[in-house]
Amino acid sequence: MSRTVEIARPAELSELAQATLRRLLRAWFDFERRLARIPLLQRLDAGTFTREDYLGLLLNLRQQVIEGSRWISRCASSFDRDHADVRSAIIGHAHDEHRDYEQLEADFVAAGGDAGAIRTRTRNAGSEALHGYLMYRAGEPNPAGLLGAMWIIEGLGEKMAREWASRIEQLTGLSPDCTRFLRYHSENDGGHMDKLYGLLDRLCTTQQIADDMVCVAAVVGRLYALQIEEIDGE
Amino acid sequence: MNAYITSTGAFLPGPPVDNDQIEDILGRVDGRRSRLKSRILKANGILTRHYAIDAAHRTTHSNADMAIRAARACLSASPVPMRSIGLLSCATTQGDLVLPGFGSMVQAGIGIPEVELHTSHGICSSSAMAIRAATNSLRLGEHDSALVVVSELASRLFKHTRYEAAGGYEAIDFDAEFLRWMLSDGAGAWLLETRPRGRCLRVDWIRSYSHADSFPVCMSIGRPTDQADPRSWQDFPTYAAAEAAGALLIRQDVRLLDHIVKLGVDGALRLIDEGLLDVARLDHLLCHYSSHHFRSRIFDLLQMSGAMIPYEKWFTNLYTRGNTGCASILIMLDDFLRQGSAETGDTLLCMVPESGRFNVAYIHLTIVEA
């Protein structure tokens, strides 16, 4: 049996991968500004975020978290044999995260939410659009552009862990037992970044693929922001 | 038409004040030593700075005095006669008077007759706005020369009596104390002309990106300590009542400060993308933010994406001159030119981040020989 090919952090990115990383960084900063303009998250900044806000956030994130492992698994299976190394890396990622929603549900209940309510919750308009878009993209052959989606969603996971979790505890008086899902992504941060650099270098083989990654990052940023905007709309 | 910086000048009041002497001058709130001072100084790395007030809290130099001295230093190094200057473009964070504009006071002190006057309002980036106004005016061919004068007098805000009037030692939170150990006083001036003169700096471009639409206020004066109180300092029945409510303290929302680093990077990436900034060709970066803000994660991302400007190209006088707010970039260029490492053909990027409500300005210069 051959050894599993690992995607490792390259010493240096190719010129195209460097240029793409710069564009992805700008897509990320644009996404962060979009988030900062959403009233729910403005309340987090202003210090008026409540326990109800937190429950609303978890209630609306759950569907996307459950669906998250589905599009990642489909994405992995859409890579052909020439991309076996990429497939392995993405399967590993899907496996790591496919039961995250259980932690999210436990946090919701610990924060005073009703278990039945979160389990029967349907997707909001933003989650519906985001899920539909990701599943469609994941079904395309060799969907390298989805690295742009992972960039945004992983980045948000880290932002939740670094910025949101303690701020929410501070404002709502909830204990860290209620914010485990948010904090989860700060573990193994370095490892995630190394894998991302590796995938970027491996997949940025043409300008068209690079453009596609940046396009997907921009679309996912907008749809994710819509998903959070919808929390207040309900 | 081009704009060239043909002379620079700076003024820093009094002797350098080291970290152990700060409280001797600014005073101890309720007679007690600060709990936060050493932590904040360790983070910003500043070793010495200058104050325009003395230990008895007499103002040794007004804000306009400092501006005038910097302007004179700049003009005395140039053959351009003061009376021929077409535009006087000034900026400060807080003038000595609330009204009129700072530029009027500076003009009166320098004595330039019949000059066109500009004063820009803001915090650190007001300097870039004043430089922008001067550059535009020259490029439009409306004047042959413009004098930019920018001055900062922050120390008057930091007298222990200010904090005592707002509730004293126990009432002062981290955000209200943060800038006390950060900001200090000084002034700088640049003379701009439409033609190069000797060895001078061509202004290649100026760009700035403001993000006030996305983020809340991060640095301010005018809001009371109680965040739920929506009043501005002017909404109180008396200024004494505003002061007692903490509305005249200068505050920094430290929690939001990370955004300024990210937005500074975002703007630089945009300039690279637009082909204006070539990191590989850039020779010097001048910035009044300490480089250690760019360590760790953002450093790694910049490094990997080929956008990191190597530390050996960074020039700062932050550690010895202090953070002089809006005046920083003007004083810094003056110090940079005096230390003599600049060569003809070198390119400089002056970066001016303002955390007030998030505005970042970039000024690209090339050293040319007439």
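A residue counts as partly exposed here when the number of other C-beta atoms within 10 Å of its own falls between the two cut-offs, 12 or fewer for exposed and 20 or more for buried. Asp30(B) fits that middle class, because 14 other C-beta atoms lie within 10 Å. The model is a predicted one, and Asp30(B) is a handy place to start. Asp30(B) sits in the loop that links α1 (22–26) and α2 (37–44) of chain B. Although not a glycine, Asp30(B) has a positive phi of about 55°. For background, most residues other than glycine have a negative phi, and most peptide bonds are trans.

Chain B has another non-glycine residue with this kind of backbone. Phe358(B) has a positive phi, near 70°, and belongs to the loop between β13 (347–354) and β14 (359–369) of chain B. Is Phe358(B) buried or exposed? Phe358(B) has 27 C-beta neighbours inside 10 Å, so this residue counts as buried.

The peptide bonds hold an exception too. Leu99(B) and Pro100(B) are joined by a cis peptide bond, with omega about -5°. Pro100(B) is in the loop between β4 (87–92) and α4 (102–110) of chain B. As for α4(B) itself, its buried residues are Phe102(B), Gly103(B), Met105(B), Val106(B), Gln107(B) and Ile110(B). An α-helix has 3.6 residues a turn, so residues three or four places apart point the same way. The partners of the buried residues of α4(B) are α3 (63–76), β4, β5 (116–121) and β6 (145–152) of chain B, against which they pack. After α4(B) comes Gly111(B), with a positive phi near 85°.

On a broader scale, chain B splits into domain 1 (4–197), domain 2 (201–216 + 254–369) and domain 3 (219–252). The centres of domain 1 and domain 3 of chain B, taken over C-alpha atoms, are 23 Å apart. Where these two domains meet, 10 residues of domain 1 of chain B are in contact with nine residues of domain 3 of chain B. On the domain 1 side of chain B, the elements giving two or more residues are α6 (160–165) and α7 (174–177) of chain B. That side of domain 1 of chain B has seven nonpolar residues, one polar and two charged.

Gly222(B) offers a closer look at a loop, the one between β9 (219–221) and α8 (239–244) of chain B. Gly222(B) has 16 C-beta neighbours inside 10 Å and therefore counts as partly exposed. Leaving out residues up to four places away in sequence, Gly222(B) touches Ser232(B), Trp233(B) and Ala247(B). Gly222(B) and Ser232(B) are 10 residues apart along the chain, yet 5.5 Å separates their C-alpha atoms.

Next comes the meeting of the two chains. Here 16 residues of chain B are in contact with 14 residues of chain A. The elements of chain B that give two or more residues to its side are α9 (258–273) and α10 (296–304). The largest share of that side, six residues, belongs to α9(B). Sorted by class, the chain B side comprises seven nonpolar, five polar and four charged residues.

Within chain A, two helix pairs stand for the packing described here. Two packed helices are described by the angle between their axes and the distance between the axes. In one pair, the axes of α3 (residues 51–77) and α5 (residues 100–110) of chain A come within 9 Å and cross at roughly 165°. An angle over 145 degrees counts as roughly antiparallel, and α3(A) and α5(A) are therefore roughly antiparallel to each other. The crossing of α3(A) past α5(A) is left-handed. Residues of α3(A), including Leu55(A), Leu58(A) and Arg62(A), meet residues of α5(A), among them Tyr101(A), Leu104(A) and Phe108(A). The contact of α3(A) with α5(A) involves nine nonpolar and four charged residues, with no polar ones.

The other pair is α7 (residues 125–138) and α11 (residues 207–233) of chain A, whose axes come within 6 Å and cross at roughly 155°. α7(A) and α11(A) are therefore roughly antiparallel to each other, and their crossing is left-handed. From α7(A), residues including Gly126(A), Ala129(A) and Tyr133(A) meet α11(A) residues, among them Val220(A), Leu223(A) and Gln227(A). The contact of α7(A) with α11(A) breaks down into 11 nonpolar, three polar and three charged residues.

Technical notes. Residues are numbered from 1 along each chain as its sequence is written. Chains are lettered from A and ligands numbered from 1 in the order in which they are written. This is a predicted model: local features need pLDDT of at least 70, side-chain atom pairs count only at pLDDT 80 or more; totals for chains, interfaces and linings use all residues. Two residues are in contact if their C-beta atoms, placed from the backbone, lie within 7 Å. Helices (H or I, at least four residues) and strands (E, at least two) are DSSP runs, numbered from the N terminus. Ala, Val, Leu, Ile, Met, Phe, Trp, Tyr, Cys and Pro count as nonpolar, Asp, Glu, Lys and Arg as charged, and the others, Gly among them, as polar. Axes are lines fitted to C-alpha atoms, for helices over the stretch in contact, and angles run from 0 to 180 degrees between N-to-C directions. Angles under 35 degrees count as roughly parallel, over 145 as roughly antiparallel, 65 to 115 as roughly perpendicular and the rest as oblique. A crossing is left-handed if the near helix is turned anticlockwise from the far one by less than a right angle, and right-handed if clockwise. Domain bounds come from an automatic or database domain assignment.
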